[in-house]
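Colleague: Could you take a close look at one part of this model for me? I would like the second largest pocket, then what sits around it.

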Amino acid sequence: MDNTNDEIEMEVVEPEDAESDMESDNDGDTDGEGESGTKEPMQVYLPGKQLAEDEELVCDESAYVMLHQASTGAPCLSFDILPDELGAGREAFPMTAYIVAGTQAARTHVNSLIVMKMSNLHKTQDDDDDDEDDEELEDDQDDVADKSELKKPQMTCALIKHQGCVNRVRARRLGNTVFAASWSELGRVNIWNLSQQLQAVEDAQLLKQYEQQSASNDSTMSRPAFTFSGHQQEGFAIDWSASAEGVLATGDCRRDIHIWSPLEDGTWKVDQRPLLGHTASVEDLQWSPNERSVLASCSVDKTIRIWDCRAAPQKACMLTCENAHESDINVISWNHTEPFIASGGDDGFLHIWDLRQFKTQKPIATFKHHTDHITTVEWNPNEATVLASGGDDDQIALWDLAVEKDADQAQAPAQNEEEINKLPPQLLFIHQGQKEIKELHWHPQLPGVMLSTAHSGFNIFRTISV
């Protein structure tokens, strides 16, 4: 990777480095043959199981269409996918994706927002199409001795100095400009215009100029377009409205939610009166995908609340689900096309709520698969029944609510078939290999492609399941 920051890099995940859709290799017997010489089925690894000293995990390469990883030095515990102009529904390889991420460095004053362009993302799955891909390499590349060099993923980064660790970052295109809103651990919420950074990652000369200018202390590039310091404490909850351009909601660890409205001069007006209802930290916020004034929130107080922001702040809470989880509720996601909200909490439960039955205070589906706190959940923007969840148990689970158990369906044999049969049929896939997973997002313009961040870095992948 060509980058001035040596700590920022991207690479193909080699099979031995990944621990995804796992199989356990017993006694180092790579052929899967027992003492009698007969072929024994592999044992499918399920998270939480302790490996014996003579066991190792082997990635099932055939389970991924694409799997790459990236590292940024200091961990990025939050990121968002930036909208691009390369088109929707892109399935051709190599792929390109743009993201903005925020670091959580050990020292407060060395944090950054990082605008990244990930490109030349080739398939990592071996199949007949690889020969066709090689044929499509340009004529002037035929002389390269090692064609694998031409397939190496690339990452270009433009950094913005950020005061304090980035608790969470969310991006939105407003008109022709892409903005990012970031929650700082110092209690401030900043909005950044990313135009210069997005131009810089497209051109090496522009990037060099950008880095030189941003290094100067008086650079305007490190200044946000707008800052709100009215929250009483730091926070994590933040979301741009999908249907009301420029409208933003932020929630803090005190319990307050503030609504932002854009002004014609390019700044924002923040309602100083917080929405009243929660009694503890607001952990996540989600605007309705189709109702401009409707907002959902979740909290350490174990409630999920639905708000109508047209009402006065003290009367805006319209629906409340008490004790929605057994402990802190960390994350929620509002389905793009159906009246469903998914929630994940410290109790490890994943609940699905139907807003048409919200007053019953009972979820329509519950999954207890994760063995530790759920830290991230998101519906697939292109498939209404598919969602993903991840957490502190170092796994990402892909789910499809439309799947029902088929007793007649033939299954590949496995040594621990009884354990596997106990898994819910809606569980499509388990992705592993990252430590302390913090956030995941489906790429809305790349069907089936997912990005995730953890203490150990980023993964960008597409499975055969979605």
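By class, how many nonpolar, polar and charged residues does the lining of the second largest pocket have?

Modeller: The lining has 19 nonpolar, 8 polar and 10 charged residues (nonpolar: Ala, Val, Leu, Ile, Met, Phe, Trp, Tyr, Cys, Pro; charged: Asp, Glu, Lys, Arg; polar: the others, Gly among them). This is a predicted model, where local features need pLDDT of at least 70 and side-chain atom pairs pLDDT 80 or more, while totals for chains, interfaces and linings use all residues. Residues are numbered from 1 along each chain as its sequence is written, and side-chain values use heavy atoms, without hydrogens or water.

The second largest pocket fills about 820 Å³ (an open set on a 1 Å grid where a 1.4 Å probe fits, with protein on both sides within 12 Å along at least five of seven lines; lining atoms within 4 Å of a point; volume from probe spheres on the points). Its lining counts 37 residues, and D80, R172, D239, H336 and E378 are the closest to the centre.

Strands (DSSP E runs of at least two residues) recur in the lining. At least two residues each come from β6 (76-81), β10 (166-174), β14 (235-240), β18 (282-287), β22 (329-334), β26 (374-379) and β30 (437-442).

Follow β6 outward. F79 lies in this strand and F458 in β32. Their rings form an edge-to-face pair, 5.5 Å centre to centre with 80° between the planes (pairs: centres within 6.5 Å; planes under 30 degrees apart stacked, over 60 edge-to-face, the rest tilted). The pair therefore ties together parts that are 379 residues apart in sequence. Both F79 and F458 are buried (under 20% relative accessible area, 1.4 Å probe, protein chains only).

A second edge-to-face pair joins F226 and W260, at 5.8 Å centre to centre and 70° between the planes. F226 belongs to β13 (226-228) and W260 to β16 (257-262), so this pair links parts 34 residues apart in sequence. F226 counts as buried at 17% relative accessibility. W260 is buried too, at 0%. These two residues share one aromatic cluster with F179, F228, W240 and W268. Across the structure there are 11 aromatic pairs.

Back to F458. Residue M116 touches F458, and also residues including T72, A97, I99 and M155 (heavy atoms within 4.5 Å; neighbours up to four places away in sequence not counted).

Methods: Helices (H or I, at least four residues) and strands (E, at least two) are DSSP runs, numbered from the N terminus. Rings of Phe, Tyr and Trp (its six-membered ring) pair if their centres lie within 6.5 Å; planes under 30 degrees apart count as stacked, over 60 as edge-to-face and the rest as tilted. Buried means under 20% relative accessible area, exposed over 50%, partly exposed in between (1.4 Å probe, protein chains only).
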